[in-house]
Amino acid sequence: MAAWVLLALAPVAAGVMLSFASYYGDHMVLQKEPAGAVVWGYGEPGAAVTVTLSRDGGLIVMKKMVQVKGPPGTWTTVLDPMDQGGPYMLTAGQGSENVTLQDIYFGDVWLCSGQSNMAMTVLQIANASRELVAAAHYPYVRVFAAAPARSDVELEDLERIDLPWSIPTAENLGHGNFTYFSAVCWLLGRYLYEALQYPIGLVEAAWGGTPIEAWSSRRVLQVCGLPEDMGSISPHRHLSGPQTPSVLWNAMIHPLLNMTLRGVAWYQGEANAFLHTDQYNCTFPALIADWRQAFHAGSAGQTEPVLPFGFVQLSTYRRRSLDDSFTRLRWHQTADLGVVPNARMPGTFMAVAMDLCDERSPYGRRVLARGARGQQQSYRIPTPPPPLFLGSIHPRDKQNVAHRLHLGARAVAYGEKDLVFQGPYPTRAILEVTRGLLNVTYSQELVCRRRDTRAFEVCCSSQPSPCMWLPAPVVAVESRTVMLAVAGCGTLVLGLRYAWAEWPCEYQSCALYNSQGLPTPPFLLDALPAGETLGRLETAGGRELLLLPGSWFSQGI
């Protein structure tokens, strides 16, 4: 194991040696057709490099000739699109020098990034022993982990690697706490392999306790009006990782841009419940768009422009909280539209995780973050006075998280038709004034697991802010309709929200699911603004609420 823990990668001086870039190696997976895999490395400026792909038996499949640019003494080529499979050998030759990579496969390559819930390893999750033993059954799901690193400037290559490309073992999937390999990433790749039956390559680049600003290029910060200067963000007491804008983009994402990818999985946001929470509805869509453009350009157009981008909506933290920052962050993760893909976030998919709470997780109050050079740093999340803090920010059920994520990948990234990949979402609401009822219609058949009197709330104020939210108890659930009691509101129903709490329910026991066990996501909806008539139904004492994203209510009420 020590042979591949935190590999230090010294820059290759021009004219000294021929090599591949840091994240190419034995056992790797390169992106299969219809894209061509980008291959690059270092050599003597001006020299010609021959890149040869051959079968293990020596049969040459293709050759590419490329000249080394200097400075910086790098060469790049794009392989012809290859069908899934292997093994192959990949050789770079310059004069009498040759460097060969063995056991190369073609399949789909996914990048997994984010903070500590992405960095949680297979060793830390529920049924860890069983999951680690099962690793041996998936030799064609290959894993790679970049080491945590930060930089004030954009780097062209990774400075350090925690885990070079490897065949999965119990040892390299469960190296330690918050190190490698990511459980969400591994399980997503494993589930995709089971569905697709061809090689999957997984690239982890994660660091606990980090806000989205650290993962964002300066372009994203400019779009969202956030400060770019390195001293502009004061360290936040809840966060352990780097908070300086762009430093993780510079050191951990920018070096990967030449890689041809099939998709991205993202699990981040807890840090932004404490920092720039209400800018997340800009920073997250802007980051997605920026990463897509950058990976498309960096791969010479091989990574598709609308790169599939999946993410995990925040799970739980505290049973009781003094504010709704976690809940607002969940809403902002959808660009304040509730479900994805949507107009602001095309080509995305989401795993709802608010029902996967874990009160007994040992990784909540005291966790480990990765230091800048890979050392482990102990830090403690500030504990509010009881009973505010009862729970954990690191739930151990990552299997359901990855299962829900992989359903979205199959539907959105792979175009699998008729696959249900998300829970029910409301499509209309009718207020029956005379009966004091609000009938909410959903997009799918409903399964009611619990009639929670606080699951639904209605806004009854004459002014949208501050809003007086009152419980709307569930009276009945029929097929695709939920009937709510709103007699206390009269005719002034200005908004409706669901599961608007940091800890909305017990484990897998929120109010509404579909028959596949996927939960209804939280939502915040406006009624038709006063004086408007569009979409309003005035029959039999009923008034239809125009279901708009909660623009009036989403800013911290």
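This is a chat between a trainee and a mentor about a predicted model of one protein.

Trainee: Let's start broad. How many helices and strands are there in the protein?

Mentor: Nine helices and 29 strands. Keep in mind that the model is predicted.

Trainee: And what share of the residues is buried?

Mentor: Of the 557 residues in the protein, 61% are buried. The exposed surface comes to about 20,500 Å², and carbon and sulfur atoms supply 53% of that.

Trainee: What about contacts, how many join residues at least 24 apart?

Mentor: If you take contacts between residues at least 6 apart in sequence, 74% join residues at least 24 apart.

Trainee: OK, on to the core. Which residues touch the most other members of the largest nonpolar core?

Mentor: Y24, W291 and F456, in a core of 116 residues. Helix α7, residues 280–298, gives this core its largest share, seven residues. Another core lies apart from it, with 41 residues, including I125, Y138, Y180 and A409.

Trainee: Back to W291. What does W291 touch, leaving out residues up to four places away in sequence?

Mentor: L111, S113, W215, W249, I253, V264, W266 and F309. W291 also belongs to an aromatic cluster, together with W215, W266, Y280, F284, F295, F309 and F311.

Trainee: How many aromatic pairs does the count come to?

Mentor: 29 aromatic pairs. Take Y317 and F326: the ring centres are 5.6 Å apart and the planes sit at 35°, so that pair is tilted.

Trainee: Are those two rings buried or exposed?

Mentor: Y317 is buried, at 1% relative accessible area. F326 is buried as well, with a relative accessibility of 1%.

Trainee: Which charged residues lie over the face of a tyrosine ring?

Mentor: K32 lies over the face of Y198, 5.0 Å from the ring centre. R449 does it over Y513, at 3.6 Å from the ring centre.

Trainee: Switching to strands. Which way do the residues of β25 point?

Mentor: β25 covers residues 495–498; G495 and R497 point one way, L496 and Y498 the other way, and all are buried. That fits the general pattern, because side chains in a regular strand alternate between the two faces of the sheet.

Trainee: Which strands does β25 have bridges to?

Mentor: On one hand there's β21, residues 456–459, joined to β25 by four bridges and running antiparallel. F456 has Y498 as its bridge partner there, and F456 is one of the core residues we named earlier. Then there's β27, residues 523–526, also joined to β25 by four bridges and antiparallel. In that pairing L496 is partnered with L525.

Trainee: Now the odd backbone stuff. Where are the cis peptide bonds?

Mentor: One joins P71 and P72, with omega about 15°. P72 lies in the loop between β6 and β7. Another runs from V340 to P341, with omega near -5°, and P341 is in the loop between α8 and β15.

Trainee: Why do we bother to flag cis bonds or positive phi?

Mentor: Because most peptide bonds are trans, and most residues other than glycine have a negative phi.

Trainee: So which alanines have a positive phi?

Mentor: A300, with phi near 55°, and A335, with phi of about 60°. A300 is in the loop between α7 and β14, while A335 is in the loop between α8 and β15.

Trainee: Buried or exposed, those two?

Mentor: A300 counts as exposed, because its relative accessibility is 53%. A335 is buried, at 4%.

Notes
Residues are numbered from 1 along each chain as its sequence is written. This is a predicted model: local features need pLDDT of at least 70, side-chain atom pairs count only at pLDDT 80 or more; totals for chains, interfaces and linings use all residues. Side-chain values use heavy atoms; hydrogens and water are left out. Rings of Phe, Tyr and Trp (its six-membered ring) pair if their centres lie within 6.5 Å; planes under 30 degrees apart count as stacked, over 60 as edge-to-face and the rest as tilted. Buried means under 20% relative accessible area, exposed over 50%, partly exposed in between (1.4 Å probe, protein chains only). A charge sits over a ring if NZ of Lys or CZ of Arg is within 6 Å of the ring centre and within 35 degrees of the ring normal. A nonpolar core is a set of buried Ala, Val, Leu, Ile, Met, Phe, Trp, Tyr and Cys residues joined through side-chain atoms within 4.5 Å. Helices (H or I, at least four residues) and strands (E, at least two) are DSSP runs, numbered from the N terminus. Contact means heavy atoms within 4.5 Å. Two strands pair if DSSP finds at least two bridges between them. Accessible areas come from the Shrake-Rupley method with a 1.4 Å probe; for residues, only the protein chains shown count as cover.
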